[in-house]
Amino acid sequence: MTLRKKQFFKNYRLANAITPGLAAIAAATVVSGCQSPISVPADNKLVSRSVTEGTPEAIYPDHAPAIPDGKMVWDQLSCAECHGADGKGVAGKGGIDLTNKELMGTKKPVDQYMFLLFGQPGRNHPKISDRVTRQQAWNLVFYCRSLSTPFLSQAEFDAIKPVFGANCAVCHGTKGYGDGPLAKYAVLEPNPANFQNFKRFYDRSDDTLYDHIANGIKWEGMPNFLNKEDKAKGVKFDEAYIRKLVAFVRSFHSTNVATLAEAKVEPAGNAVK
């Protein structure tokens, strides 16, 4: 008797000692594994794509949206026909000025995502859910946002990084995961925000993030920074600098590095799920 068979009968006797029913299940499992896979009858109701379709909802990306990839989607969808090559809008086409900082500062990424994918009653804008993947939609959202608030340059990022490290990383961590020293070794209620949490931060407008940094959050550990100074770093936290900090926070959940993972959009009418 082979070692495999010995082990099978040992498992069979053990299962039978517990309950004959379990022994039967064990036997069926081993036999099916040794021969051919269990045949599962086709069920069109279960495999139909329409089963998972229903009320539109936000599906968050697998990785940080890439602004250059969003530009490729912008070009392939011919967004410039209404919004202009620079995003300022084309007269008579109805495209809003995407470079308007005041307007765009009020927009949440998740709301822009839902609008682009599924449209909105009363708004003359085509939905794109039948032409792009969810990741492509997020890439496009952050490209559109970059037209009013450009991604930080490498020089700007490098200049802000030590200031963030000295003033923010103690709670939020150097990589923004909310795991700084105070989060680990002190009792903070609630826990510091995790900037890598797409669902949370795509539900925040830039104006909201500015308010949280500038004015703090009452009854929580988030202090106010507006008009304070970091003399060691030679920085004053005025409105302009706090806006740069908002862009720095956005860099934790978006990127200016092209991935080219999903470059091609589908022709109209070919849904991509």
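At 10% relative accessibility, Cys144 counts as buried. The model is a predicted one. In this model Cys144 takes part in no disulfide. The cysteine sulfur nearest to that of Cys144 belongs to Cys79, at 6.2 Å. A disulfide would need the two sulfur atoms within 2.5 Å, so this pair does not qualify. Cys82 is likewise in no disulfide. For Cys82, too, the nearest cysteine sulfur is that of Cys79, here 8.5 Å away. Cys82 is partly exposed, with a relative accessible area of 30%. By the distance rule, the count of disulfides comes to zero.

The chain as a whole is described next. Its secondary structure comprises 14 helices and two strands. The chain has 273 residues, and 34% of them are buried. Its accessible surface comes to about 16,800 Å². Carbon and sulfur atoms hold 56% of that surface. Contacts were also sorted by separation along the sequence. Among contacts with a separation of 6 or more, 62% join residues 24 or more positions apart.

One residue pair gives an example of distance in sequence set against distance in space. Leu209 and Val249 are 40 residues apart in sequence. Their C-alpha atoms are 8.6 Å apart in space. Leu209 lies in helix 13, which covers residues 206–215. The relative accessible area of Leu209 is 5%, and because buried means under 20%, Leu209 is buried. With neighbours within four places in sequence left aside, Leu209 is in contact with Phe201, Arg204, Val246, Val249 and Arg250.

Helix 13 meets helix 14, which spans residues 239–250. The two axes come within 9 Å and cross at roughly 115°. The crossing is right-handed. From helix 13, the contact is made by Asp206, Asp207, Leu209, Tyr210, Ile213 and Ala214. From helix 14, Glu239, Ile242, Arg243, Leu245, Val246, Val249 and Arg250 take part. By class, eight of the contact residues are nonpolar and five are charged. No polar residue is counted in this contact.

Helix 7 covers residues 109–118 and is mostly covered itself. Seven of its ten residues are buried. The buried residues are Pro109, Val110, Gln112, Tyr113, Phe115, Leu116 and Leu117. These buried residues pack against four helices. The partners are helix 6 (101–104), helix 8 (134–146), helix 12 (198–201) and helix 14. Helix 14 therefore appears in two sets of contacts, one with helix 7 and one with helix 13. Just after helix 7, Gly119 takes a positive phi of about 75°.

His172 lies in helix 10, which spans residues 169–172. His172 counts as buried, at 11% relative accessibility. Residues up to four places away in sequence were not counted among its contacts. On that basis, His172 touches Phe164, Tyr177, Gly178, Asp179, Gly180, Pro192, Ala193, Phe195 and Met222.

Methods. Residues are numbered from 1 along each chain as its sequence is written. This is a predicted model: local features need pLDDT of at least 70, side-chain atom pairs count only at pLDDT 80 or more; totals for chains, interfaces and linings use all residues. Side-chain values use heavy atoms; hydrogens and water are left out. Buried means under 20% relative accessible area, exposed over 50%, partly exposed in between (1.4 Å probe, protein chains only). Contact means heavy atoms within 4.5 Å. Accessible areas come from the Shrake-Rupley method with a 1.4 Å probe; for residues, only the protein chains shown count as cover. Axes are lines fitted to C-alpha atoms, for helices over the stretch in contact, and angles run from 0 to 180 degrees between N-to-C directions. A crossing is left-handed if the near helix is turned anticlockwise from the far one by less than a right angle, and right-handed if clockwise. Ala, Val, Leu, Ile, Met, Phe, Trp, Tyr, Cys and Pro count as nonpolar, Asp, Glu, Lys and Arg as charged, and the others, Gly among them, as polar.
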